[in-house]
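Biologist: Could you take me through the enclosed empty space in this protein, and the largest cavity in particular? I'd like to know what lines it.

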Amino acid sequence: MTENKEYKVVGTRPIRHDGVDKVTGRALYGADFQIAGLLHGRVLRSPHAHARILSIDTSRAEALPGVKGVVTAQDLPSAEDRIADLGEGAVNLKHLCDNILASDKVLYTGHAVAAVAATSPHIAEEACKLIDVEYEVLSPVLEVRQAMEPDAPLLHETLKTTSMGETADEPSNVASHIQHTLGDPEKGFAEADIIIERDFVTGTVHQGYIEPHNATAHFNQDGHLTIWCSTQGAFTVREQVAEILQYPISKIKVVPMEIGGGFGGKISVYIKPVAALLAKKTGKPVKVLMNRTDVFEGTGPTPASYIRVKMGATKAGKITAAEAYLAFEGGAYPGSPVGPGAMCIFAPYSIENVIIDGYDVVVNKPKTAPYRAPGAPNAAFGSETVIDELAEKLGIDPLEFRLINGAKEGDRRADGPVHPRIGFIETVETAKAHPHYTAPNGKKHHGRGIASGYWFNIGLESSVTINVNADGTINLIEGSTDIGGTRASIAMQAAEVLGIPAESVNPSVVDTNSVGYTAVTGGSRTTYATGYAAYEAAQDVKRKMIERAAKLWEVDVSNVQFEDGLFSSINGKEEQISFRDLCGQLSQTGGPVVGSGTVNPGGAGGAYATHVVDLMVDEETGKVEILRYTAVQDAGKAIHPSYVEGQIQGGAVQGIGWALNEEYIYNAEGTMTNASFLDYRMPTCLDLPMIDAVIVEVPNPGHPYGVRGVGEVPIVPPMAAIANAIYDAIGIRMTELPMSPDRLLKAMGKI
Amino acid sequence: MRDFAYITANTVSEAVTLLDEKGQSARILAGGTDLIVQVREARRDVDWMIDIKSIPEVNVLDYNADTGLTLGAAVECYKIYAVDEICDAYPGLVDATKIIGGTAIQGRAAVGGNLCNASPAADCIPPLIVLNASCVIAGPNGARELPVEQFCTGPGQTAFDNGEMLVSLKIPAPANNSSSFYLRFIPRNEMDIAVVGAGASVTLDDAKQTIVSARIALGAVAPTPLFAEEASALLAGREVSDAAIDEAAQAAQSIARPISDMRGTAEQRTHLVGVLTRRALNGAIQRIRDAA
Ligand SMILES: Cc1cc2nc3c(=O)[nH]c(=O)nc-3n(C[C@H](O)[C@H](O)[C@H](O)COP(=O)(O)OP(=O)(O)OC[C@H]3O[C@@H](n4cnc5c(N)ncnc54)[C@H](O)[C@@H]3O)c2cc1C
């Protein structure tokens, strides 16, 4: 571990390698992709939230001039057949396939039903209108508590609740129940001088990435399938498409184009298998694009939830017990992030007695997908609001309250793991010392709120190859799609090892045939794990270069030392050569040097954040104006501080949107009425102050430079921080998200 | 999006003849910031798009302190707020032109297009109403004039007969000691459609204490923008006071017939009519008092 070590490249702010192409519009995204003979695909989507498909007649669409092929679920390998083969797992496979193209039932408005390939996108669109689908419309269930009622309409006749290893007899919309316990909650609550219990409701929100999903698929004559697309992980696309199409991964190549945002929403596949089906049917390359409404209605948002939190503390401010009930909407199929929500909810605190119950519940909304720290923001909205109320009732400063109870190395999380070295306390101390926290905040209807958050981060597999060039530069080959500046943060770790400037690294994100297996850009893992692989690959290069220097000087490798980009001979000969000059000697010393590194590291190291927000409430209109925002976060080690700050700012901003205005608004039939950026109100730059990002560095022992993932945790605290600030401003505890103007007016009794 | 024909009309009569001939399948294209979006999203079927931007009369922007403003139907928002005299004379209209969309949209969007699209939430319509604007309409049977408050007949519906188009808007010269103000409520600070909009114009006496006359108009609280006639009338002759303004605000609230939708609830909108009417009236009065 590398505390307080001085680095040459790590910690500096070079220009990102992909920056110029992106700001000048030259970077190639999936929608830009062109190939001879290209057809255009469009997907027909369900107008109903819940209906049985009685029949689909595609003949009128097929007859439209320019239409080259139409596909439905009939064109997918039958998932039913595979139930017998695979047992339990096949149920999930059916869910996976049905979400791509509905077979027997549509389960949400926007559910894909059929797709058309035609010579122009407009013809494909018109052809979709000519597909006749006969539906038997069923009542939708649109809210988690409603879906849990015994008499609620059932989405899946075969879904039965699994609860800690047991499966229920009767079908239900509750897919699973999990529970974590620590200590003796009953005893803990008995020891408390004060107990606060509150209910919370959060809305369905979307990641809102700028670039809609896209995919172009093409089959070679010999059956090799290539897919060009926007994704957070080319290898996961390969796996999912292989599974859905029952096609070998060896025959699928996925080429990741540049990606215009994902935030977790570009891991699951939607139109990629559809493009492949259309390409197979027509024998031509087919490009399928989504529009914004498709994205809102047909891809995974993060779920609405109902949360109950109960916490007790002593007069001295020590939390004695905590209890949480988390019911999360999975959307149309099981798979809500209630698990991570349960892992994170009390993780900032050292609490001896805890019980957490989590429920994954299906409703007639799109199947949820990950979104930045999935599950944790919902959970923290509840717990961090209750923490604020406890501190307030006990007359203890909220940051002081966190210092009293804050989790440290060696404390156990309720779900089991023991914290390694973590930096929560440091974020609280830094927030407390920040001029924002001590600035006056006395004006009428102005309020200040704080909240903290945790995200565990993940490791997983990454591979990097480095090719050494004769001019002293290196080509770094990686499989991590670059969403937030990771070409730079990965390249910099290799550069540090080799003592070369970041600009001497030429990073390329390549397809699945051209680099070793690499897991998704997600879980805040990329700078950590792919950076780790780059470090290892650079170490490999360094070892090989030392061998070359030894050969050049005819000494033993043990007599060659490498420091600051310079190889030197020790013990005898007075020889020196720079990395760059040695690169020029490769062909004379044995040929090319290629280094490789592969990792699957276990020590991702959790991340903590503490946010401070000042805001103003217009008590006549209920509108909240964010005035000042400070986000403190432990980055372990900030490889490229600008991109860490960018992640912190972006997470905070998405949290502000989630807190104040973002939500899926449904009509009684279960159709989203605000499926556009006009009415799905994400914050614009006029709605935000500059977000002051403050980086704290408590190195992660699980990484050579101490890196912790930084991308997700900044979205965890904002909702509660804003709710706590609203309370400070107007004395009302808001417990429902979003805290939109109409809800504030209602809470203030104005309407 | 399905195919359509694009035609440039060079004269009013050419445009009117085309409109008359093609009927419902033809639409006038001004800035296109409503029309093209609607066609792309399949919310409107159009076979003929008649671009009027080459017609001289629809590009007129002429202000005269005695006779007032002639505003061609296709004049873009940004041209209006670039003229200082217009900003001084009709600040309420300028308020609206500065908040439509953003800079890019304002470079294309016309006030005439905003009116002819006839959205209940259109930002320019309440200020046009309070400024006593009238529509100059050309049609197969010649020209006619119509007060703006009578122009919209329902969401997206107008008083146009077959073959008619808007040539220009006429706004009388402002009276002494008068001003206007428009504001809307949106949950964000840009890129939203008004949850409620309110415009007011006020004329004060020379002492700037008594209201000589006032006009109030509301957006997004009924199928069309509303002229709040009674609320306006009850201010005439009143001393400027919170009580008078509250009364007018309540009268304005009483004519609101809002719906609940994804942009806001009916109760919220009715409440906001009161808030915004007060703010619009106070804003106009403040402008009169601030003027030298
Ligand atoms: C991103 C974005 C943001 C927007 N924000 C706002 C906003 O904040 N507030 C707001 O009120 N609107 C907003 N709009 C809507 C739109 O920009 C305005 O309504 C604009 O003023 C329309 O003017 P236009 O010249 O573009 O009209 P066009 O789209 O050309 O025409 C609009 C309609 O009027 C008809 N028409 C136009 N001119 C005539 C004429 N002379 N005679 C007869 N019929 C005619 C057309 O056939 C069409 O039906 C926004 C639009 C976009 C795309």
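Modeller: Here's a walk through the cavities, starting with the one you asked about. Keep in mind that this is a predicted model. Rolling a probe the size of a water molecule over the atoms shows where empty space is left. Done here, that turns up 6 cavities of 30 Å³ or more, and the largest of them has a volume of about 170 Å³. Its lining is made up of 18 residues. Closest to the centre you'll find Val624(A), Leu660(A), Asn661(A) and Asp687(A), along with Pro187(B) from the other letter in the list, chain B. As for secondary structure, two elements of chain A each give two or more residues to this lining: β27 (623-634) and α19 (641-660). Of these, β27(A) gives the most, with 4 residues. Sort the lining of the largest cavity by chemistry and you get 10 nonpolar, 3 polar and 5 charged residues.

For a bit of context, look at the second largest cavity, with a volume of about 80 Å³. Here 13 residues do the lining, and those nearest the centre are Phe346(A), Ala347(A), Tyr349(A), Arg413(A) and Ala414(A). The elements giving two or more residues to this second lining are α11 (338-344) and β17 (354-362), both of chain A. Its chemistry splits into 10 nonpolar and 3 charged residues, with no polar ones. So if you're clicking through the model, go to Val624(A) and Pro187(B) for the centre of the largest cavity, then to Phe346(A) and Arg413(A) for that of the second largest.

Key
Residues numbered from 1 in each chain as written. Chains lettered and ligands numbered in written order. Predicted model: local features only at pLDDT ≥ 70, side-chain atom pairs only at ≥ 80, totals over all residues. Heavy atoms only, no water. 1 Å grid on protein atoms, 1.4 Å probe; cavity = no way out; pocket = protein on both sides within 12 Å on 5 of 7 lines; lining within 4 Å. Points joined across faces, edges and corners; volume = space filled by probe spheres on them. Nonpolar A, V, L, I, M, F, W, Y, C, P; charged D, E, K, R; others polar.
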